Amino acid sequence: MKIERIDDRLDAQAIDLVTKNKEKETEKTSWVSWGLYIVIIAAVFLIFRYVIGITIISGNSMANTMEHNDVILSSNLFYQPERNDIIIFRDEHGFDVIKRIIALPNETVEITNGVVLVNGKAIEEEYSIGVPNDMEKVVVSENSYFVMGDNRTPGESLDSRSEEIGTIPENRIQGEAILSLWPFHILK
């Protein structure tokens, strides 16, 4: 009978060891799961903060290219501004603004009889609507860009034509709008 009791004790000890090992494995798995969850959340945050952006358009300054409440996807990583790019920049009040680059650093811009001239030559603008007011020649400063909304009707777009806004320094440009998610179309 003593033999049976020793076996019973050994079985109970073995069961306790197995149970403790399973508890440790479960705890380890739980910590790994939480760690993985935190890494995924951080990656998603960093991607949406520094690589791509989603913006909802407010207003009609970019009509007909974009309309009020369109949802736009932007590329914010390794972006080099070029003429005709639709950019998103942060204004002095911390708001995101979307406009089109018309002139690059050290170029001149003027509007005569409703025609936009860059370095004295009319630019082709099949995307714009409305006729803008005339504007005297402006020289775009170094590391800055002259931007305008596609809706050129006077009063529809607050852009570089206004002394309030002026040219946009390169360090305030967040990225290039590349795609309209709603309604879906590629931006040009």
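User: Happy to start with the secondary structure: how many helices and strands does the chain have?
Analyst: This is a predicted model, so the answer describes that prediction. From the N terminus on, the order of elements is α-β-β-β-β-β-β-β-β-β-β-β-β. The count is 1 helix and 12 strands.

User: Thanks! What radius of gyration does the chain have, set against a compact globule of 188 residues?
Analyst: Let's take the overall dimensions to begin with: the C-alpha trace spans about 115 × 35 × 25 Å along its principal axes. A compact globule of 188 residues would have a radius of gyration near 16 Å, whereas the chain has 30 Å.

User: And what share of the residues is buried?
Analyst: The surface is a good place to begin: the chain exposes about 12,500 Å², with carbon and sulfur atoms supplying 58% of that area. Of the 188 residues in the chain, the buried share is 33%.

User: Now the charges: how many salt bridges are there?
Analyst: The chain carries 18 positive and 30 negative side chains. The centres of these two sets lie 11 Å apart. The number of salt bridges comes to 5.

User: Which residue forms a salt bridge with Glu 107?
Analyst: The closest N and O atoms of the pair are 2.7 Å apart. The pair links distant parts of the chain, with Glu 107 in the loop between strands E4 and E5 and its partner in the loop between strands E2 and E3, 24 residues apart. Glu 107 is buried, with a relative accessible area of 11%. The partner, partly exposed at 30%, is Arg 83.

User: Which side chain meets Arg 152 in a salt bridge?
Analyst: The N to O distance in this bridge is 2.7 Å. Arg 152 sits in the loop between strands E9 and E10 and its partner in the loop between strands E7 and E8, so the pair ties together parts that are 27 residues apart in sequence. Both residues are buried, and the partner is Glu 125.

User: Is Asp 159, the partner of Arg 161 in a salt bridge, buried or exposed?
Analyst: The closest N and O atoms of the two are 2.9 Å apart. Arg 161 counts as partly exposed at 24% relative accessibility. Asp 159, with a relative accessible area of 2%, is buried.

User: Last one: why does Glu 110 have no salt bridge, and which side chain of opposite charge is nearest?
Analyst: Glu 110 lies in strand E5 and is buried. A salt bridge needs the nitrogen and the carboxyl oxygen within 4 Å, and the nearest side chain of opposite charge is 4.1 Å away. That side chain, which is also among the contacts of Glu 110, is Lys 137.

Methods:
Residues numbered from 1 in each chain as written. Predicted model: local features only at pLDDT ≥ 70, side-chain atom pairs only at ≥ 80, totals over all residues. Heavy atoms only, no water. Helix = DSSP H or I, 4+ residues; strand = E, 2+ residues; numbered from the N terminus. Buried < 20%, exposed > 50% of the residue type's maximum accessible area, 1.4 Å probe, protein only. Lys, Arg positive; Asp, Glu negative; His and termini not counted. Contact = heavy atoms within 4.5 Å. Rg over C-alpha atoms; globule rule 2.2 N^0.38 Å. Areas by Shrake-Rupley, 256 points an atom, 1.4 Å probe, with all protein chains shown as cover. Charge placed at Lys NZ, Arg CZ, Asp CG, Glu CD. Lists of a residue's contacts leave out its neighbours within four places in sequence.
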